[in-house]
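Let's take a walk through this structure, starting in its core and ending where two chains meet. Keep the view open and turn it as you read.

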Amino acid sequence: MNSLIYKVGANLLFGILLVFSIFMLLRGHNEPGGGFIGGLIGAVAFIVYALSENIAATRRVLRVNPEHLAVTGLTIALCSGLLGPLVQEGLFAGQWLFLGATETDKGWPISSVLLFDIGVYLTVLGAIIALVLEMERHL
Amino acid sequence: MSLVMLPILIAFTAAIACFLTRRTGLDRFISVIASAAHTVVSIQLLIAVAGGQIVVTQLGDWPAPFGITMVADGLSAAMTLITGITGLAVSIYSLSDLGRRTCFSGFHALFHLLLAGVTGAFLTGDLFNLYVWFEVMLIASFGLLVLNKRPGTLRGAMPYVALNLLSTIFFLTAVGMLYGLTGSLNMAHLRVTLDTMEPSLTLSWISVLLLLAFGIKSAVFPLFFWLPAAYHTPAFSVSAVFAGLLTKVGVYALIRVFTLILPLDPLLADIVLWCAIGTMVIGVLGAAAQTDVRQILSFHIVSQIGYMVLGLALGTRLALVGAIFYLIHHIIVKANLFLIAGAIHRIAGHTELKAIGGLYHARPVLAVLFLIPAFSLAGFPPLSGFWAKYILIQASLDLQNWIAAGAALVVGLLTIYSMTKIWGEAFWKPHPDGPGGLDHRPIPTPYILAIGGLALLTVCIGLFPAPFFAFAEQAAADLIDPTRYIQAVLGGGA
């Protein structure tokens with residue numbers, strides 16, 4: 001799009017949207033948010049950028065092929081779900097690891113739940129960007 | 001590991017594996033193997049639920065109303081199996097149908113993602129989770145639509161996506177309202193909670209929104225027009241799997257939601273009944289006006305959807321048996337007809353009826369293989385479509401609903417008109433360019449395997465309908481009285 005106002009605005013929005021998408025991803029653990037909505041917001045950031053620049057520039061900024069991003073995400077999500085059966089629990093049962101936990105302090109929690117959300121985030125981000133860039137090429 | 005999740009996990013794993021191997025040519029074989037595995041697991045699932053058992057898995061070990069429940073009852077298991085069979089036929093067929101370029105861009109990966117979405121939608125026992133599977137399906141199917149880089153494809157894909165997003169908004173609004181009203185999204189728990197509530201205006205609104213949402217998905221009159229616009233442009237393998245499965249997920253959702261969660265009240269049932277009759281009639285008339293094989297078949301999907309929704313609208317046990325029987329029969333027959341359209345295109349060079357002909361003399365085997373699903377679609381005895389229509393008409397007559405019975409009969413007749421049109425133009429009349437217009441290389445073996453296999457299934461259902469009928473009857477009984485479903489999901493305490 002050939003508008004100075006949009007270009008300047010897009011550069012600002014691009015960063016803010018990306019940070020916000022990560023915020024939504026992490027917040028989703030106990031509050032509204034999560035990988036799906038985070039991924040959508042992240043994709044919007046790149047779409048805004050694609051509209052202000054062009055497809056080639058967007059691919060450069062993204063650095064990796066969006067399709068690869070989506071498949072990596074899907075793999076991560078699937079593996080996090082399979083962790084449960086690995087330790088004789090149900091499918092997609094959350095697995096928790098508390099780093100440096102002591103009697104009084106529960107330490108730094110790491111969970112397969114977040115891993116699943118990150119997988120979903122990457123899947124949605126990659127899939128939506130791939131679709132939109134494909135459509136942009138046709139238009 | 002739980003049997004219920006296995007088909008979904010297989011599909012997801014296959015999607016990843018196919019993507020990674022898409023440049024080596026291995027992906028097509030992985031695709032066939034994975035579809036076969038999907039089918040085998042689904043047969044096991046079907047055996048596990050035979051006799052009215054209900055198999056339940058609570059994801060992440062969260063107990064029922066809180067976590068996501070995956071449930072397989074008779075209907076779900078049957079639909080899962082039919083998904084596997086269609087997937088297997090299409091993946092075999094695509095061995096010869098697709099060029100390397102389409103495979104490069106990840107056809108098989110998207111195809112298995114689509115199968116995962118469809119299977120998930122059939123097996124979930126959670127209303128919001130159903131929405132998630134719809135999204136998986138939508139993303140995969142949109143990807144498949146734009147794979148084929150011809151200009152017309154995107155034009156067809158646009159109304160498809162736009163209307164599906166609209167449907168999503170209706171669906172989410174209804175889900176939000178239901179959650180606000182009951183505090184639950186688990187289908188079984190929703191029913192228990194709603195049973196304690198008085199009928200209210202809010203509940204009617206929720207029903208209407210859900211009707212609109214699933215009505216768009218299943219292409220019911222007057223919300224069907226996106227379908228004929230989208231289904232005749234993509235590769236034949238793609239359109240076959242769309243034609244077989246996608247709209248049927250909408251029909252399944254209608255049946256599931258309006259028997260388990262919110263049984264239709266008389267006024268809504270009347271509206272649905274008229275929509276069903278409208279769908280049947282408009283679809284078949286639309287088909288009569290078309291001259292492209294895939295366009296004709298697309299309009300017939302719409303018309304056939306009407307029969308299934310009619311079963312839901314009538315609401316008796318026999319009518320639901322008819323709807324379930326129809327779903328199973330229709331997926332096989334319709335996917336097969338689209339595969340045959342692909343074979344016609346390969347041999348005669350086109351699917352526009354004016355531009356082709358002479359197939360009967362050149363390819364008598366294909367002609368016979370066409371007649372089986374075509375006559376089954378029209379409801380000739382003793383093929384599967386005859387029994388499906390017979391049960392539904394019997395159900396309408398039992399209710400003394402002469403209009404529904406009459407419409408079902410007339411639409412059946414008009415279906416024969418369309419099928420004889422394809423027969424006469426594509427098979428009977430000589431090719432307009434003479435024999436030189438035909439491709440005289442033999443039909444690829446994968447084509448024959450896929451088309452013949454599905455045709456054999458159609459004949460089997462037609463000749464031995466009793467076990468299928470008994471199974472559908474058990475499934476329908478569980479739909480009308482969901483006590484056992486609810487008990488299986490929520491445990492004895494509910």
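Start with the largest nonpolar core, which has 228 residues; the members that touch the most other members are Met137(B), Val309(B), Ile324(B) and Ala335(B). Helix α14(B) gives this core its largest share, 22 residues. Bear in mind that you're looking at a predicted model. As for the general background, nonpolar side chains tend to be buried together in soluble globular proteins.

Now zoom in on Met137(B). Which residues does Met137(B) touch, leaving aside those up to four places away in sequence? You'll find Leu114(B), Gly117(B), Val118(B) and Ala121(B) there, along with Leu246(B) and Val249(B).

Next, look for α19(B), a helix of 19 residues running from 445 to 463. From first C-alpha to last it reaches 26 Å, close to the 27 Å expected at 1.5 Å a residue. Its buried residues are Tyr447(B), Ala450(B), Ile451(B), Leu454(B), Ala455(B), Leu457(B), Thr458(B), Ile461(B) and Gly462(B). Why do these sit on the same side of α19(B)? Because they cover an arc of only 150° around the axis. Flip to the face turned away from that buried side and you'll meet the exposed residues Thr445(B) and Leu463(B).

So what do the buried residues of α19(B) pack against? Five helices of chain B do the job: α3 (74-97), α14 (317-348), α16 (364-378), α17 (384-398) and α20 (465-480).

Further along chain B comes α21(B), residues 483-490, with Tyr485(B), Ile486(B), Ala488(B) and Val489(B) buried. Look down the axis of α21(B) and these buried residues fall within an arc of 165°, so they line one face of the helix. Among the elements covering them are the strands β1 (55-58) and β2 (69-72), plus the helices α8 (187-195), α11 (236-261) and α20, all in chain B. Right after α21(B) comes Gly491(B), with a positive phi near 80°.

Finally, pull back to see both chains. In chain A, 17 residues are in contact with 19 residues of chain B. On the side of chain A that touches chain B, α4 (66-86) and α5 (112-138) of chain A each supply at least two residues. The largest share, 6 residues, comes from α4(A). And what is the make-up of that side of chain A, in nonpolar, polar and charged residues? It divides into 10 nonpolar, 4 polar and 3 charged.

Technical notes:
Residues are numbered from 1 along each chain as its sequence is written. Chains are lettered from A and ligands numbered from 1 in the order in which they are written. This is a predicted model: local features need pLDDT of at least 70, side-chain atom pairs count only at pLDDT 80 or more; totals for chains, interfaces and linings use all residues. Helices (H or I, at least four residues) and strands (E, at least two) are DSSP runs, numbered from the N terminus. The expected span of a helix is 1.5 Å times one less than its number of residues. A residue is buried if 20 or more other C-beta atoms lie within 10 Å of its own, exposed if 12 or fewer, and partly exposed in between; C-beta atoms are placed from the backbone. The arc is that of the directions from the helix axis to the C-beta atoms. Two residues are in contact if their C-beta atoms, placed from the backbone, lie within 7 Å. A nonpolar core is a set of buried Ala, Val, Leu, Ile, Met, Phe, Trp, Tyr and Cys residues joined through C-beta atoms within 7 Å. Ala, Val, Leu, Ile, Met, Phe, Trp, Tyr, Cys and Pro count as nonpolar, Asp, Glu, Lys and Arg as charged, and the others, Gly among them, as polar.
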